[in-house]
Amino acid sequence: MSVPAPRQTSTYAVISLVGGILGWTLLPLLGSLAAIIFGHMARSEIRRSNGQLEGDGLALGGLILGWLAVAGWVLGIIIFILFFGGMAWLFSLNA
């Protein structure tokens, strides 16, 4: 009876999760972009491996963290622009 070979975890999936965590801590933009890019690469690599690779959950976690961080940055920039644009508009009324 042969023993099936153990499945390996996708390196891209691990990089995606680490990038997602870094995107929320030390490297906001770079980590988030790495999480998104490597997350998509990992998920396609895992699908093409015919069951030889695992780590889809890690890749999905990295993708979620990466996209949430990017969405937070975009929302923060929009709020910043609206706030200071509104302040400039208010000051222009008083001038």
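# Three helices, two strands: a walk through the model

Asparagine 50 is exposed, because its relative accessible area of 70% is over the 50% cut-off. The model is predicted, not experimental. Asparagine 50 sits in the loop between H2 and strand S2, the latter spanning 53-54. Its backbone stands out too. Phi of asparagine 50 is near 55°, a positive value in a residue other than glycine. Most residues other than glycine have a negative phi. In space, the C-alpha atom of asparagine 50 is 25 Å from that of valine 18. Along the chain, asparagine 50 and valine 18 are 32 residues apart.

Now step back to the whole chain. The protein has three helices and two strands. Their order along the sequence is β-α-α-β-α. How does the radius of gyration of the protein sit against the globule rule? The radius of gyration is 20 Å, and the rule gives 12 Å for 95 residues. The value is well over the rule, so the protein is more spread out than a compact globule. The box around the C-alpha atoms gives another view: roughly 85 × 20 × 15 Å along the principal axes. Of the 95 residues, 22% count as buried. Contacts in sequence terms come next. Take those between residues at least 6 apart in sequence: 68% of them join residues at least 24 apart.

Start near the N terminus. Proline 6 lies in the segment before strand S1, which covers 8-9. Is proline 6 buried or exposed? Proline 6 counts as exposed, because its relative accessibility is 70% and the cut-off is 50%. Its C-alpha atom is 22 Å from that of glycine 39, with their positions 33 residues apart along the chain.

Strand S2 brings in leucine 53. Leucine 53 is buried, because its relative accessible area of 15% falls under the 20% limit. Which residues surround leucine 53 once neighbours within four places in sequence are set aside? Its contacts are Arg7, Gln8, Thr9, Ser10, Glu45 and Ile46. Strand S1 spans 8-9, and helix H2 spans residues 28-48. Leucine 53 therefore touches Gln8 and Thr9 of S1, and Glu45 and Ile46 of H2. Valine 14 is 39 residues from leucine 53 in sequence. The C-alpha atoms of leucine 53 and valine 14 are 12 Å apart.

Next comes the stretch leading into H2. Leucine 27 occupies the loop between helix H1 (11-24) and H2. Leucine 27 is partly exposed, because its 39% relative accessibility falls between the 20% and 50% cut-offs. Setting aside neighbours within four places in sequence, leucine 27 contacts Leu22 and Ser32. Its C-alpha atom is 32 Å from that of glutamine 52, a residue 25 places away along the chain.

Follow that contact into H2. Serine 32 is found in helix H2, residues 28-48. Serine 32 is buried, because its relative accessible area is 1%, under the 20% limit. Beyond four places in sequence, serine 32 contacts Gly19, Gly23, Leu27, Gly66, Ala69 and Val70. Gly66, Ala69 and Val70 belong to H3.

That leads to the helix pair. Two packed helices are described by the angle between their axes and the distance between the axes. For H2 and helix H3 (residues 56-94), the axes come within 8 Å and cross at roughly 145°. The crossing of H2 past H3 is left-handed. From H2, the contact uses Pro28, Ser32, Ala35, Ile36, Gly39, His40, Ala42, Arg43 and Ile46. From H3, it uses Asp56, Ala59, Leu60, Gly62, Leu63, Gly66, Trp67, Ala69, Val70 and Trp73. By class, this contact of H2 with H3 has 12 nonpolar, five polar and two charged residues.

Finish further along H3, with the aromatic rings. The structure holds three aromatic pairs. One of them joins phenylalanine 83 and phenylalanine 84. What are the centre-to-centre distance and the angle between the planes for phenylalanine 83 and phenylalanine 84? The centres are 5.0 Å apart and the planes stand at 85°, an edge-to-face pair. Phenylalanine 83 is partly exposed at 46% relative accessibility. Phenylalanine 84 is also partly exposed, with a relative accessible area of 45%. Both values fall between 20% and 50%, so neither ring residue counts as buried or exposed. Phe80, Phe83 and Phe84 form one aromatic cluster.

Key: Residues are numbered from 1 along each chain as its sequence is written. This is a predicted model: local features need pLDDT of at least 70, side-chain atom pairs count only at pLDDT 80 or more; totals for chains, interfaces and linings use all residues. Side-chain values use heavy atoms; hydrogens and water are left out. Helices (H or I, at least four residues) and strands (E, at least two) are DSSP runs, numbered from the N terminus. Buried means under 20% relative accessible area, exposed over 50%, partly exposed in between (1.4 Å probe, protein chains only). Contact means heavy atoms within 4.5 Å. Rings of Phe, Tyr and Trp (its six-membered ring) pair if their centres lie within 6.5 Å; planes under 30 degrees apart count as stacked, over 60 as edge-to-face and the rest as tilted. Axes are lines fitted to C-alpha atoms, for helices over the stretch in contact, and angles run from 0 to 180 degrees between N-to-C directions. A crossing is left-handed if the near helix is turned anticlockwise from the far one by less than a right angle, and right-handed if clockwise. Ala, Val, Leu, Ile, Met, Phe, Trp, Tyr, Cys and Pro count as nonpolar, Asp, Glu, Lys and Arg as charged, and the others, Gly among them, as polar. The radius of gyration is taken over C-alpha atoms; the globule rule is 2.2 Å times the number of residues to the power 0.38.
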